[in-house]
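Hi,

Here is the structure I promised to send over. Have a look at it first, and then read on for what turned up when I went through it.

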Amino acid sequence: MAMDKNLKALGFSLIELLVVLALIGILSAIGLPSYRQYQLRAVATEGALSLLSMSSVQERARLNGGRYLDQGQLELLVQLPARVREHFQLLVSVADKAQAYTLELIPKETTSAMEIISLDSRGLRRPASVWP
């Protein structure tokens, strides 16, 4: 009889294990979507910083050569980080006989909450929420 008491005290009951599993499930359901949103915001900010870098290259090209670079020329000089390329596609538009440009990062997934990130030769940045 004393031996039966000691064996029961050594383990967890099924109810205790189910409660722990339920708590883990609830915490995962709350935490994972928040973590995913945090990751997407970080990628968007990294993309915005990459556009700023490309903008600097564009301005140097105009000072040195009198015109802005098209997408092919710009991509030879500046690469988007792999994490940004995973989520966005770069679009470089040059207008007014290469005297104006627009840099855009277009989300690859249409279902994601990500927006188009843009920067133009006048310094106009959209959307304001991703720019540092």
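Let me start at one small spot in the sheet: Leu119 stands opposite Arg125 in β4. Keep in mind throughout that this is a predicted model. The two strands involved there, β3 and β4, pair in the antiparallel sense, over 2 bridges.

Zooming out, the sheet is an open one of 4 strands, in the order β1-β2-β3-β4, with antiparallel pairing. The edges are taken by β1 and β4 (125-126), and each of them has a single partner strand, so one side of each is left without a neighbour in the sheet. As a reminder, strands of a sheet pair through backbone hydrogen bonds, either parallel or antiparallel.

At the other end of the order, β1 and β2 run antiparallel and are joined by 8 bridges. If you want a pair to find on screen, Gln89 stands opposite Ile106 in β2. These two strands form a hairpin with 4 residues between them, and Asp96 in the turn has a positive phi of about 55°.

Now for the helix you will have spotted, α2. Its 52 residues should span 76 Å at 1.5 Å a residue, and the end C-alpha atoms are 75 Å apart, which agrees. Just after α2 comes Gly66, with a positive phi of about 80°. The helix lies across β1, β2, β3 and β4, and it runs at about 160° to β2.

Which parts of the structure do the buried residues of α2 pack against? They pack against α3 (71-77), α4 (82-87), β1, β2 and β3. Among the buried residues of α2 are Leu40, Val43, Ala44, Gly47, Leu51, Met54 and Ala61.

Two of those also turn up in the largest nonpolar core. That core has 25 residues, and Leu51, Met54, Leu105 and Ile117 touch the most other members. At least two core residues come from each of α2 (14-65), β1 (88-95), β2 (100-107) and β3 (117-120). The largest share, 8 residues, is from α2.

Leu51 is worth clicking on. It lies in helix α2 and is buried, with a relative accessible area of 0%. Leaving aside neighbours within four places in sequence, Leu51 is in contact with Leu90, Leu103, Leu105, Ile117, Ser118, Leu119 and Trp131. Ser118 is 67 residues away along the chain, yet its C-alpha atom is separated from that of Leu51 by 7.8 Å.

Met54 has its own set of partners. Not counting residues up to four places away in sequence, Met54 touches Leu74, Val78, Leu80, Leu90 and Leu103. Leu90 and Leu103 are thus on the list for Met54 and on the one for Leu51.

One last residue, this time a charged one: Asp120, in strand β3. Is Asp120 buried or exposed? With a relative accessible area of 10%, Asp120 counts as buried, because the cut-off for buried is under 20%. Its side chain makes a polar contact with the side chain of Arg122, at 2.9 Å. Setting aside residues up to four places away in sequence, Asp120 touches Tyr101 and Thr102.

That's the tour. Shout if anything is unclear when you open it up.

Cheers

Note on methods. Residues are numbered from 1 along each chain as its sequence is written. This is a predicted model: local features need pLDDT of at least 70, side-chain atom pairs count only at pLDDT 80 or more; totals for chains, interfaces and linings use all residues. Side-chain values use heavy atoms; hydrogens and water are left out. A nonpolar core is a set of buried Ala, Val, Leu, Ile, Met, Phe, Trp, Tyr and Cys residues joined through side-chain atoms within 4.5 Å. Buried means under 20% relative accessible area, exposed over 50%, partly exposed in between (1.4 Å probe, protein chains only). Contact means heavy atoms within 4.5 Å. A polar contact is a pair of N or O atoms within 3.5 Å; within protein, one must be able to donate a hydrogen and the other to accept it, and residues adjacent in sequence count only if both atoms are side-chain atoms. Two strands pair if DSSP finds at least two bridges between them. Axes are lines fitted to C-alpha atoms, for helices over the stretch in contact, and angles run from 0 to 180 degrees between N-to-C directions. The expected span of a helix is 1.5 Å times one less than its number of residues.
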